[in-house]
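Please explain how this chain is put together, starting from one residue and moving out to the rest.

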Amino acid sequence: MNATPNAVSANSPKVVEATVYPGAIATRIDHAINWFRESSLWYLLFATACCGIELMQTGGPRTDVDRFGMVFRSTPRQSDLLIVAGAVTYKMADRVRLLWAQMADPKYVIAMGSCANCGGLFQRSYSVVQGVDQILPVDLYLPGCPPRPEALCDAMIQMQQKMRQEHWLDKMKGL
Ligand code: SF4
């Protein structure tokens with residue numbers, strides 16, 4: 001679906017600014033790097049609760065996020081997207097943060113499901129973190145209990161659009 005550089009939403013910058021002559025294009029380094037990055041968004045194979053079942057389904061053939069260049073990796077060192085799928089207990093919080101710290105920069109976080117967004121069903125619980133933004137910088141919140149695979153797929157596409165707007169060097173510097 002995202003096979004050509006300009007197959008993007010109307011408000012996104014175009015990767016190819018001009019065709020200089022057949023076989024040669026003009027672009028900006030930011031646009032080109034962003035295109036490479038968004039087309040290889042690798043998410044960590046990781047879940048903390050029942051939202052993880054929807055995450056697994058999102059990687060299956062029906063939703064098929066592979067077509068956007070999104071594949072899961074089993075190690076944080078090869079991942080640049082952390083999808084926090086489900087409730088995070090205080091006991092798990094340090095481990096989640098450690099996984100995030102081991103990921104390649106620049107990296108992104110999606111809080112998937114109401115529990116990850118704000119505690120959800122466990123809002124009065126003594127043991128559940130009331131939103132993963134208390135322990136990680138969250139780029140995108142996906143509500144629902146649980147969000148369906150189509151919703152997660154849409155969130156991942158929105159993440160690509162966010163990446164497309166970025167200045168890559170600023171992101172590397174943490175600006
Ligand atoms: S949002 Fe719903 S499905 Fe997801 S972890 Fe919480 S209770 Fe489970």
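In which loop is the place of Ser 127? Ser 127 sits in the loop between α4 (114-118) and β7. The model discussed here is predicted. Is Ser 127 buried or exposed? A residue is exposed if 12 or fewer other C-beta atoms lie within 10 Å of its own. Ser 127 counts as exposed because it has 10 C-beta neighbours inside 10 Å. Once the neighbours within four places in sequence are left aside, Ser 127 is in contact with Thr 89 and Tyr 90. Tyr 90 is 37 residues away from Ser 127 along the chain, yet 5.7 Å separates their C-alpha atoms.

Contacts between distant parts of the sequence can also be counted for the whole chain. Among the contacts with a separation of 6 or more, 74% join residues 24 or more positions apart. The chain contains six helices and seven strands. Their order along the sequence is β-β-α-β-α-β-β-α-β-α-β-α-α. Of the 175 residues in the chain, 31% are buried.

The pattern begins with two strands. Strand β1 (residues 18-21) pairs with strand β2 (residues 24-26) in the antiparallel sense, over three bridges. Tyr 21 stands opposite Ala 24 in β2. The hairpin of β1 and β2 has two residues between the strands, and Gly 23 takes a positive phi near 95° there.

A positive phi also appears in a residue other than glycine: Asp 64, where the value is near 55°. Asp 64 belongs to the loop between α2 and β4 (72-73). Asp 64 counts as partly exposed, because it has 14 C-beta neighbours inside 10 Å.

Two loops hold a proline that follows a cis peptide bond. One such bond joins Asp 105 and Pro 106, with omega about -10°. Pro 106 is placed in the loop between α3 (90-102) and β6. Another cis peptide bond, also with omega about -10°, joins Cys 145 and Pro 146. Pro 146 is found in the loop between β7 and α5.

Cys 145 and Pro 146 also belong to the surroundings of the ligand. Which other residues surround the ligand? They are Ala 49, Cys 50, Cys 51, Gly 86, Ala 87, Gly 113, Ser 114, Cys 115, Gly 120 and Leu 121. Sorted by class, this shell has eight nonpolar and four polar residues, and no charged ones.

After the loop that holds Pro 146 comes helix α5. Helix α5 (residues 149-164) is made of 16 residues. From its first C-alpha to its last, α5 reaches 23 Å, which is close to the 22 Å expected at 1.5 Å a residue. Which residues of α5 are buried? They are Pro 149, Leu 152, Ala 155, Met 156, Met 159, Gln 160, Met 163 and Arg 164. These buried residues pack against two helices, α1 (29-38) and α2 (51-58), and against the strands β5 (81-85), β6 (108-112) and β7 (140-142).

A last point concerns confidence in the prediction. The chain has a mean pLDDT of 86, and 90% of its residues reach 70 or more. Over residues 1-10, pLDDT stays under 50. For these residues the model has 14 contacts beyond four places in sequence.

How values were computed
Residues numbered from 1 in each chain as written. Predicted model: local features only at pLDDT ≥ 70, side-chain atom pairs only at ≥ 80, totals over all residues. Helix = DSSP H or I, 4+ residues; strand = E, 2+ residues; numbered from the N terminus. Expected span 1.5 Å × (residues − 1). Buried ≥ 20, exposed ≤ 12 C-beta atoms within 10 Å, placed from the backbone. Contact = placed C-beta atoms within 7 Å. Near = placed C-beta within 6 Å. Nonpolar A, V, L, I, M, F, W, Y, C, P; charged D, E, K, R; others polar. pLDDT = per-residue confidence, 0-100. Pairing = 2+ DSSP bridges.
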